[in-house]
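I opened my notebook to look up a few things in this model, one entry at a time. Here is what I wrote down, for anyone who likes to follow along.

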Amino acid sequence: MAAAWMLVLVMLAAVNGAEFEHDRGPCSFVHASSSVVIMDSPVTATCVINDDCPALAGHEVEWRLGDRVLPGVVRTANGSSSAYRVVIPSFNHSRATLTCRLRDTPSQVIGGVVIRAGYPPSMPQNLSCQANLSTHESLTCNWEASLPDSHLPTNYTLHTHIRDLKWSHTYKVPPGVRSYAIPRSGFVLFSEMEIYVKAVNPLGETSSARLALEPVSSAKFDPPKIVKLLALGLGCLMLKWDFAPNQDWMKEFVTLEVRLKTEASSLWNEQPMTFQILAQAKPTRAVHRCGLLHATQYVVQVRVRYQKSPWSEWSSSQSAVTMETAPTGALDTWMRVTGNLLHNQLKMLLFWKPSERFRANSRNVSFVVSVQKALSKRAILCATAGNHCTFHVPKKAKKVYVIALNAAGKSNPTPVRIYHPIAGEVMSDVSATSAGNSSLLVRWGNMASPTLIDYIVEWRPLLNNDLSLVHFETARRNLSSLVITGSFEPYKPYGISVYPRFKEGIGPPRTVNAYTLQKAPDVVPGINIKKNWQYHVELTWDEIPFANRNGIIQSYKLFYWDETKRVHVATGDLEERKVVLTGLSSLSAYVAVLMVSTQGGSRNGSMVHIDIKEKDAVIAIIIVVATCTCLCFLIIFIGKTCSSKHNWLKVRFWPNVPDPANSSINSWTSESTQDFRASWDFEEPNPIYLSHLSFLEIPQKSNKKEDVKAWLNNVEDTSELGESICGSPFIPGFSSSNSDSVPYSTVIFPAPHPHEYLRSESTQPLLESEEFQSPKRYQNVGASEDTQCFFGPCGPEEEANATAIQWEDFPFLSTLAMNDNQ
């Protein structure tokens, strides 16, 4: 902006000078050594003022470069004028205004000049030209300006000269442009021409190096096309090609380059094959590529160029399959036992894969497993087109053989030794970590065993049980790690097993789970309240399915808080999937959230409300009510029991008489013959109670009358009755005629109404002589032929007159019957 104002002032000064010159002649003028100078060169300027100019008379003059006052102004007088000269030793501005002014009036400009500084134009570099033979044919040339920049406007012109035609032409290039496209009329495809660029600015001119070329040799052809690709002989392909339609006029030798790859490969062959072809004869536009794999599909592309011209782009792809031949090479195998010995046979699972030396030489290959090298129906164990097979082998078999078959023949058999499982040390420190999106790093601890052969690393997807997806790799015995690669899916679990293989058999494996890439689980299990005590609660949750874990579970964390919003964290058990929260307040309601974490991230579940206040209150009420109820029942029971005058109530709770049906009378004592209740059935009581039975000892040397008299005198005293049962008639050998004791009894008989009984306590001795006062005799039906008689005579006359006794009416008395053996 300041430079623009300076330029305006200089113009005004020139106008003033012109006015003075119109009236009286020029009043002043400014002269500089040059308006365009080389950068950092000296500049000299002179301001001449006429002495007879009244407006400038008596004033001093100063020089300014832009706004800066220049020192060293020299004044010289020459007749009727005065000159003021200044020297700038180094002009380092690309453009600046030099003005002459009155010292006492700085705004008064007498005159000035604009000075530019720069460099001569640099020589254009890297001139190159390329012909375009597409729809709009042209020859485009490009160049670069070398440093430093000239700081001055530079004009470029492109010059061409065709030697054969002795024809030259110059093309003016627009300012600031470093390229130019020569139209089709300015060049001949097969005629050599000379091209150069000239640069011109106020300080000089220069030209680039001259470029000699044939336009067609610089042309970049359009991508050619593959007309046909087919198999020709074993391992050979024949390829026919042609130029793009608008470049079919080409009749000269060209260079054709062919590259190919197998269909399964993602990389092209490192070294493409190059062919020199005469493009004039179309039928010869064909090449052959041999030495390829048999029965393999190849993808082919071509490109073309003329002499040293740039290569065209690659053509579109074409594919073909080479011819088949018999498979060659061996297979990599891995076999393990999957079942126990059955009918002298082992169930085996065999996997195989192509080794580096194996060539299927066919697209359709099948495999046969046999116990003999030569195939026969009896020797074949299985045949399949897959990569695995399950079969039984005889117990004594040491090897099996795998043979690859196709339509052209079969391969040599690959022997597979049968390794039996053996008990031994389990692999230690097995781990598997991600080594990228498609690989895993497996590590294990070395086993120091002289019979160790190698290690087998087997992996499989845990979400798919298809055996065709099982892969394996063999590691040498001195290795402790292996990187396995394959089509691993991210966020999917894989089972990695490491087997040690010894000379004597296969050792037990060690299996771990692994992921190539992990992220947060898809779902979080719901929280279940398993137990709820006062002040603490046990929470559990279900296991996350494998398909939704997306990684190895690292932790379960439970976040819970109450109304105060203070958050607590509890870590759950990984195996049992539970956590116990303690120290809870029964006066608060809690909210809990479960967070599940893997190495790839964490996910929070839904919130669960835990309210132990209501449940604790209910439990407390239940406990209080139950306690009060039990105490009431206990008090009532004790009161009823203590105040009751009925023996039936006491007998109900503490009967102490043995069951007569399961005992004999000779084991009874006086303590065990107390009043008791024989049955709990109130409606149908037992018909007979035997309450007391005792025996009276009678002296041997007393007459009968005295004995009766003494007994009558002591009729009220029966305390000693039953003290001894030594003379009991139930003792073997007892006889009523010579017994020292007289039996007495106290019997309770049933009353006509329920719950009522009649008690008869007879004090009359049961003597054999008192026939009329004693009951009829009873016979022990279980006795032997020497029948024992009780309570009466045993004569035959009595048997004739006696009525038959029905023992069903006297069940308890019937149990008292004893024989001599008892």
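**Entry 1: a cavity and its walls**

I started with the second largest cavity, and I should say at once that this is a predicted model. Which residues line the second largest cavity? I listed Leu-229, Leu-237, Met-238, Leu-239, Val-258, Leu-260, Val-287, Arg-289 and Val-300. I then asked which strands supply at least two residues each to this lining. They are β19 (237–242), β20 (253–262) and β22 (286–289). The largest share comes from β19, with 3 residues. I noted a volume of about 40 Å³ for this cavity. My count of cavities of 30 Å³ or more came to 3.

**Entry 2: the whole chain**

Next I stepped back to the protein chain. I counted 7 helices and 52 strands in it. Of its 822 residues, 38% count as buried. The exposed area is about 47100 Å², and carbon and sulfur atoms supply 53% of that. I also looked at contacts with a separation of 6 or more: 63% of them join residues 24 or more positions apart.

**Entry 3: rings that pair**

I turned to the aromatic side chains and found 12 aromatic pairs in the structure. Why do I call the pair of Trp-334 and Tyr-499 tilted? The ring centres are 5.0 Å apart and the planes stand at 55°, and planes from 30 to 60 degrees apart count as tilted. I looked up where the two partners sit: Trp-334 is in strand β25 (residues 331–337) and Tyr-499 in strand β38 (residues 494–502). The pair therefore ties together parts that are 165 residues apart in sequence. Both Trp-334 and Tyr-499 are buried.

I checked a second pair, Trp-459 with Phe-488, and it is tilted too, at 6.4 Å centre to centre and 35° between the planes. Trp-459 belongs to strand β35 (residues 452–461), while Phe-488 is in the loop between β37 (481–485) and β38, so this pair links parts 29 residues apart in sequence. Trp-459 and Phe-488 are both buried.

I also wrote down one aromatic cluster, made of Phe-221, Trp-241 and Phe-243.

**Entry 4: charges over rings**

I went looking for charged side chains placed over rings. The charged end of Arg-210 sits over the ring of Tyr-196, 3.9 Å from the ring centre. I found another case in Lys-519, whose charged end sits over the ring of Tyr-491 at 4.5 Å from the centre.

**Entry 5: Arg-549 and its neighbour Asn-550**

Lys-519 turned up again when I listed the contacts of Arg-549. Leaving aside neighbours within four places in sequence, Arg-549 is in contact with Tyr-515, Lys-519, Ala-520, Pro-521, Glu-543, Ile-544 and Thr-598. I placed Arg-549 in helix α2. Is Arg-549 buried or exposed? Its relative accessibility is 13%, so it counts as buried.

Asn-550 lies in the loop between α2 (546–549) and β42 (555–561). I noted that its phi is near 65°, a positive value in a residue other than glycine. At 3% relative accessibility, Asn-550 counts as buried.

**Entry 6: another positive phi**

I found Asp-429 with a positive phi of about 55°, although it is not a glycine. I placed Asp-429 in the loop between β32 (414–417) and β33 (431–434). Why does Asp-429 count as exposed? Its relative accessibility is 63%, and the cut-off for exposed is over 50%.

**Entry 7: Leu-133**

My last stop was Leu-133, in the loop between β10 (124–132) and β11 (138–145). Its relative accessibility is 0%, so Leu-133 counts as buried. What does Leu-133 touch, not counting residues up to four places away in sequence? I listed Leu-189, Ala-219, Phe-221, Asn-246, Gln-247 and Trp-249. Among them, Phe-221 is also a member of the aromatic cluster in Entry 3.

I also looked up Pro-215, which is 82 residues from Leu-133 along the chain. The C-alpha atoms of Leu-133 and Pro-215 are separated by 9.9 Å.

Key: Residues numbered from 1 in each chain as written. Predicted model: local features only at pLDDT ≥ 70, side-chain atom pairs only at ≥ 80, totals over all residues. Heavy atoms only, no water. Phe/Tyr/Trp six-rings, centres within 6.5 Å; stacked < 30°, edge-to-face > 60°. Helix = DSSP H or I, 4+ residues; strand = E, 2+ residues; numbered from the N terminus. Buried < 20%, exposed > 50% of the residue type's maximum accessible area, 1.4 Å probe, protein only. Lys NZ or Arg CZ within 6 Å of the ring centre and 35° of its normal. Contact = heavy atoms within 4.5 Å. Areas by Shrake-Rupley, 256 points an atom, 1.4 Å probe, with all protein chains shown as cover. 1 Å grid on protein atoms, 1.4 Å probe; cavity = no way out; pocket = protein on both sides within 12 Å on 5 of 7 lines; lining within 4 Å. Points joined across faces, edges and corners; volume = space filled by probe spheres on them.
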